[in-house]
Amino acid sequence: MTAVGHLVKKRGSVSQERLPQIGDWSSFDELRSIQDQRIPGVLGRAARSPFYAQRFAASARPGSLEDFATIALTTKQDLLQSYPFGMLGVPQSQLATYFETSGTSGAPTPAYYTETDWRDLAERFARKWTGIHPSDVYLVRTPYALGMAAHLAQQSGRFRGATIVPGDRGSSVIPYARVVQVLHDLGVTLTWSNPTECLLWAAAALRAGLDPGRDFPMLRALFVGGEPLSAARRRRISEIWGVPVVDEYGCSEIGSLAGRCPADTLHLWADRVKPEIYDEASGTLKSSGVGELVLTPLYLEAMPLVRYNVHDQVELSYEDCDCGWKLPILTVLGRAGQGYPVGDSARITQLEVEELVFSLPAELGVLFWRAKAEPDRLRIQIEAADTSAKPAEAALRTAIHDELAVPCEIEVLPPGALVPDDVLASLRQALKPRPLYGPDENWDQAIVFSAS
């Protein structure tokens with residue numbers, strides 16, 4: 001039984017309304033028509049939530065495309081202030097899942113979905129050009145507790161019939177050495193994680209005497225998301241493992257928003273969300289160009305957001321792609337306000353530095369780094385073996401001078417300085433309380449590791 005079938009059995013009939021599929025439309029005009037036809041229903045669902053009921057009460061309840069264009073943006077602050085159920089557009093008994101995220105403030109941002117919503121969510125996430133098949137063994141390696149990403153990957157995998165291996169990154173039960181063991185012994189074919197995980201697995205595999213590109217022959221793709229990813233780092237991960245790295249762009253409040261096509265272009269799922277671009281300088285919205293991404297999900301019912309500002313800086317363009325998909329092309333430029341000033345230069349961003357680090361020659365073996373942007377210089381630490389230390393430092397210094405033109409201080413650290421060796425090698429699995437000890441054991445421990 002598929003995941004969707006399981007959910008139907010739990011709560012009753014899921015709406016049989018057909019969701020649009022890639023290929024249903026042949027032009028961008030037809031795509032916009034799909035969006036426009038959904039807007040009145042979106043506004044009707046939104047009006048049932050306490051937040052929008054109050055917002056719309058100041059004027060006649062909006063219900064048309066013309067009304068839509070006058071509605072103020074919904075912000076992250078609106079969601080924070082509506083915690084926990086101020087955005088709820090259905091009776092609470094209809095909810096299937098509840099999630100939370102928290103940013104730097106630590107305040108929770110809620111996200112909730114019905115089972116009908118999950119059909120849309122699972123389909124969008126499963127739009128991987130590599131496919132997800134019943135023959136796949138699919139390792140899900142993002143945290144499960146309160147977060148959405150792991151559940152989204154698991155649901156989409158079950159929706160396509162794959163075998164799911166829940167490798168919760170937030171749990172001590174499956175440390176990195178055990179991940180490598182699972183990848184190898186189970187013949188894992190697909191993984192879902194953040195990009196950094198893929199580098200940690202590679203380092204742990206090498207530590208165990210395994211070659212990531214040779215000793216995992218069943219692996220066929222790495223699905224990644226959840227953190228900024230430069231083109232250079234994506235290429236490097238792909239080179240290390242010898243498989244495609246398929247990145248995913250999304251948010252907990254709406255789910256999957258964009259994915260790669262067979263031509264390696266990131267497309268926004270504009271048949272399921274209506275996108276707009278907010279120009280902060282002018283305070284205006286437009287259909288394409290550079291600015292902050294604003295989205296209206298077209299099929300979600302539990303939390304029916306209207307003109308939600310994701311606050312990511314993007315470029316959105318309606319250009320033809322070699323893949324043939326009539327979906328807008330999305331370039332994610334970073335979170336609005338990101339970056340730090342260094343010297344007299346413009347703001348330096350993580351993606352800019354990352355692009356330079358992972359453009360170093362692969363044979364130098366640089367996988368891990370960190371940097372601090374100070375007022376007078378950019379300080380960078382990288383890990384490299386002794387034989388690679390001098391050429392890595394020289395190459396990175398030149399790249400920073402040529403591309404960023406800022407003063408820099410580079411320190412090359414030995415392997416294990418940034419990512420300790422015991423983190424990669426430990427097979428200890430879990431912390432468990434233990435009150436009874438044998439005569440030769442140390443009973444000063446109230447909690448002990450249970451080793452594999």
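Trainee: Leaving aside neighbours within four places in sequence, which residues is Asp-168 in contact with?

Mentor: Bear in mind this is a predicted model, where local features need pLDDT of at least 70 and side-chain atom pairs pLDDT 80 or more, while totals for chains, interfaces and linings use all residues. Numbering runs from 1 along each chain as its sequence is written, and side-chain values use heavy atoms, without hydrogens or water. Asp-168 sits in the loop between β4 (163-166) and α8 (176-185), helices (H or I, at least four residues) and strands (E, at least two) being DSSP runs numbered from the N terminus. Counting heavy atoms within 4.5 Å as contact, its partners are Val-140, Arg-141, Thr-142, Pro-143, Tyr-144 and Ile-174.

Trainee: How far from Asp-168 is the nearest side chain of opposite charge?

Mentor: Lys and Arg count as positive, Asp and Glu as negative, with His and chain ends not counted. A salt bridge needs a Lys or Arg side-chain nitrogen within 4 Å of an Asp or Glu carboxyl oxygen. Asp-168 is buried (under 20% relative accessible area, 1.4 Å probe, protein chains only), yet has no salt bridge. The candidate is Arg-141, at 6.7 Å.

Trainee: Which backbone nitrogen does the Asp-168 side chain reach?

Mentor: Asp-168 has no salt bridge. At 3.2 Å, though, its side chain reaches the backbone nitrogen of Tyr-144.

Trainee: Which helix gives the most to the largest nonpolar core?

Mentor: Such a core joins buried Ala, Val, Leu, Ile, Met, Phe, Trp, Tyr and Cys through side-chain atoms within 4.5 Å. The largest has 72 residues, with Tyr-138, Ile-254 and Leu-268 having the most contacts inside it. With 7 residues, the top contributor is helix α2.

How values were computed: Buried means under 20% relative accessible area, exposed over 50%, partly exposed in between (1.4 Å probe, protein chains only). A polar contact is a pair of N or O atoms within 3.5 Å; within protein, one must be able to donate a hydrogen and the other to accept it, and residues adjacent in sequence count only if both atoms are side-chain atoms.
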